[in-house]
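Here's a quick tour of a few side-chain features worth having on screen. Have the viewer open and follow along.

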Amino acid sequence: MASFVSLLGDKPDDLKAEAKELIKETKAEHVAVVVPLDNANGPGDYNISPNADITVLIYRQGKVEANHALAAGQLDDSAIKSIIADTSKILNN
């Protein structure tokens, strides 16, 4: 199991600067932070909400098994517990 952060949007240069700042602030040294240039809104089959500030996807072999779309401030203990619970959808299958 692995994770990465993907910053989406139509201003890749701004997103690259934001990615560098994110890494610096969070010390996320072991988490890949990427700015995809080929699809500003993420892959269509991932159904990423354009209204979400944070989207956590849990997927296996390219198929999304859980999609958590959150507004700013909603990534709280309850949301984290729900996300962690959904990892069961990709483990031991």
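I54, L75, I80 and I84 together make a nonpolar surface patch of about 320 Å². A patch here takes residues with over 30% relative accessible area and no salt bridge, joining nonpolar side chains (Val, Leu, Ile, Met, Phe, Trp, Tyr) within 5 Å and like charges within 9 Å. Areas come from the Shrake-Rupley method with a 1.4 Å probe, and for residues only the protein chains shown count as cover. One of the patch members, I84, sits in helix α2 (residues 77-86) and is exposed, at 53% relative accessible area. Exposed means over 50%, buried under 20%, and partly exposed in between. Helices (H or I, at least four residues) and strands (E, at least two) are DSSP runs, numbered from the N terminus.

A word on ground rules: this is a predicted model, where local features need pLDDT of at least 70 and side-chain atom pairs count only at pLDDT 80 or more, while totals for chains, interfaces and linings use all residues. Residues are numbered from 1 along each chain as its sequence is written, and side-chain values use heavy atoms, leaving out hydrogens and water.

Now for the charged pairs. The whole structure has two salt bridges, each being a side-chain nitrogen of Lys or Arg within 4 Å of a carboxyl oxygen of Asp or Glu.

| Salt bridge | N to O distance | Lys accessibility | Acid accessibility |
|---|---|---|---|
| K63 and E65 | 3.7 Å | K63: 53%, exposed | E65: 29%, partly exposed |
| K89 and D86 | 3.4 Å | K89: 38%, partly exposed | D86: 15%, buried |

D86 has another partner: its side chain makes a polar contact with the side chain of H68 (2.6 Å). That term covers N or O atoms within 3.5 Å; within protein, one must be able to donate a hydrogen and the other to accept it, and residues adjacent in sequence count only if both atoms are side-chain atoms. H68 lies in strand β4 (residues 63-70) and is buried at 13%. Leaving aside residues up to four places away in sequence, H68 touches I54, T55, V56, S82, I83 and D86, with contact meaning heavy atoms within 4.5 Å.

What about aromatics? There is one aromatic pair. The ring centres of Y46 and Y59 are 5.8 Å apart with planes at 35°, so the pair is tilted. Rings of Phe, Tyr and Trp (its six-membered ring) pair if their centres lie within 6.5 Å; planes under 30 degrees apart are stacked, over 60 edge-to-face, and the rest tilted. Y46 is buried at 17%, and Y59 is partly exposed at 33%.

How values were computed. Buried < 20%, exposed > 50% of the residue type's maximum accessible area, 1.4 Å probe, protein only.
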